[in-house]
Amino acid sequence: MQMELHTGIELAVDLIRQPDRTALLASATAHMERLFGITRGWLLELDASGRALICPRLDAALRFECDDFSHPFSHVLREAQPRALSSASCARLDHAGLTALFEASRGADSIWIQPLMQDDKRTLGILVLCGQDPVWDAVIGQPLFEGMLAVLVHQWAAHLERDDRVWQQRLLSRSLNSMKDTESERQKNALLAESLVGPSTAMEDLRGQIIRAAGSQLSVLVQGETGCGKDLVARGIHEFSDRKDGPFVVVNCAAIPDSLLENELFGHTKGAFSGADAAKEGLLAQADGGTLFLDEIGDMPMALQSKLLRVLETRQFRPLGAREEMHSNFRLVAATHQPLQIRIQDGEFRRDLFYRLSQFPIRVLPLRDRPEDLELLCRHFIHGFREREGNGPLGISSHALEYLKQYGFPGNVRELRNVIEFACLQTPEHEDIQVEDLRLDMMATQETAVAEPEAGYIPQPGVPAMHEIDDLRAASQAFEAAIISARLRQFRGNRAQAAESLGLPKRTLAHKCQKFNVSEAG
Ligand SMILES: Nc1ncnc2c1ncn2[C@@H]1O[C@H](COP(=O)(O)OP(=O)(O)OP(=O)(O)O)[C@@H](O)[C@H]1O
């Protein structure tokens, strides 16, 4: 008796000491095998779904579905009563899992199956004892066995409860984290909406993409029509990234003549070529630790595209005349209004560079596809005008707004801004902009010109008639030159006004003038 008490205490202490469920079940079955003359003991526990019993000490694939009544465990669980089974009756059941369990039971010819439940009757699993010619009542009727089972069930339930608490805490902290992430993204989105205005779903989505892109180091390619906000997108990516305190270096590939672009990007050493009196740091080096924004990337010459590709792969480059390569840790954002896929097909843009640039592609929709943004954009530009000029209209009438919604805005938000700012000048202070203050005709004329070149709109020599065109590129360039020339004449050589009226940045217009040999006088 004294001996049994001692063993019982030792056993209980050992079970209580087990750090987790797996260790507890392993230790309990080992004690059973040692103390109660059985060949093998198994503890099968319910899986997380509660629909299957799993046997951790056997093959992990050994599962006994609780609603599969071809094995005896389901019956035992349903009846909540133990039962004994001979090896012969088990063999007759012809159940693969049961057979595997028997085979691992060291020559047992009988098994004892007992459901294990908590005090509140919740099932924990089942106990399976295997023996050779056993008298089961004698085994399970022992006080030591009963005591051990009581401790086992208590500890098993306690571990489950603790695991459950840990699991709940994990779930809670995970959902708290995701709430924090969502809240921080919402705050960033709201902040970005102050400069990248627009309540449409497309703009909400665009701001979300900017924030996600900012959180990565991927190269971003921003595509969209002219004036739709690509530059703002690139700035947003920089501002919301961890490089925001580093430089934001902008290169307009269309505004810099081809011959100078390489030098601008790579820089040169002193004496690298005649006239290089001093070393010049390139823009790649200047962008170290920050963001390099290559605007109008579609205009980059092919030879330079290859060099850029290499830089993007290694972040190494060699300034003109330098012996050593330099390293620059920049993040690349590129933008273009050109359909790059067509330029790739025409052999004017490298496909591999395109893929390298568009690790994170972003497309900005034209304004005509998001008319919900018009009203807020108008108010934004009116507010900007008042801030800058110290006076201006109060707002915009609903008729004027409706009128704007009918218009296609080929120059997108830039054109809208110009239209609104012009209207601000026409509108008396403290009044609303009216339909008659809006001048949409200038762009409309341009649209007609593009649509009907044969109708005699182009007054310039050098533009072939429609039926004479045999070189599309040359004809397009001649056509472009003719428009620029006409527009410069219209604005008496004022490049800023001409550029604005054409929806082009001033530098782009300057470059085009140089490229097409168009003079200030038009
Ligand atoms: N969603 C917007 N909210 C406020 N202003 C905007 C928005 N989109 C564009 N703008 C304004 O419109 C003008 C043109 O925008 P931006 O320069 O970013 O266009 P872009 O697509 O880069 O044009 P381009 O192709 O000619 O380089 C800028 O004055 C810019 O501030």
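At what angle do helix α7 (residues 143–192) and helix α8 (residues 201–214) pack? In this predicted model, for which local features need pLDDT of at least 70 and side-chain atom pairs count only at pLDDT 80 or more, totals for chains, interfaces and linings use all residues. Residues are numbered from 1 along each chain as its sequence is written. The angle between α7 and α8 is about 115°, and their axes are 9 Å apart. Axes here are lines fitted to C-alpha atoms, for helices over the stretch in contact, and angles run from 0 to 180 degrees between N-to-C directions. That makes α7 roughly perpendicular to α8; angles of 65 to 115 degrees fall in this class, those under 35 count as roughly parallel, those over 145 as roughly antiparallel, and the rest as oblique. The crossing of α7 and α8 is right-handed. A crossing has this hand if the near helix is turned clockwise from the far one by less than a right angle, and is left-handed if anticlockwise. Helices (H or I, at least four residues) and strands (E, at least two) are DSSP runs, numbered from the N terminus.

Helix α7 also contains G147. With 17 C-beta neighbours inside 10 Å, G147 is partly exposed. This class lies between buried, with 20 or more other C-beta atoms within 10 Å of the residue's own, and exposed, with 12 or fewer; C-beta atoms are placed from the backbone. G147 and L11 are 136 residues apart along the chain, and their C-alpha atoms are separated by 9.5 Å.

A second pair of positions distant in sequence involves P19, in the loop between α1 (2–17) and α2 (21–35). P19 is exposed, having 8 C-beta neighbours inside 10 Å. The C-alpha atoms of P19 and H159 are 8.6 Å apart, with the two positions 140 residues apart in sequence numbering. F64, by contrast, is in strand β3 (residues 63–65) and is buried, with 21 other C-beta atoms within 10 Å. From F64 to H95 the C-alpha separation is 9.8 Å, and the two are 31 residues apart in sequence.

The ligand is surrounded by 19 residues, of which V197, G229, K230, D231 and V413 come nearest. A residue is taken as near a molecule or strand if its C-beta atom, placed from the backbone, lies within 6 Å of it. By class, the shell comprises 7 nonpolar, 7 polar and 5 charged residues. Ala, Val, Leu, Ile, Met, Phe, Trp, Tyr, Cys and Pro count as nonpolar, Asp, Glu, Lys and Arg as charged, and the others, Gly among them, as polar. At least two shell residues come from each of α9 (230–239), α15 (374–389) and α17 (412–426). The ligand lies between domain 2 (201–365) and domain 3 (369–439), because both give residues to its shell. The domain bounds come from an automatic or database domain assignment.

Two of these shell helices, α15 and α17, pack at an angle of about 50°, with their axes 9 Å apart. α15 is therefore oblique to α17. The crossing of α15 and α17 is right-handed.

The loops on either side of α17 contain residues with positive phi. F409 lies in the loop between α16 (398–405) and α17, and its phi is near 45°, a positive value in a residue other than glycine. F409 is buried, with 23 C-beta neighbours inside 10 Å. H430 is in the loop between α17 and β17 (432–433). Its phi is near 65°, again positive in a residue other than glycine. With 10 other C-beta atoms within 10 Å, H430 is exposed.
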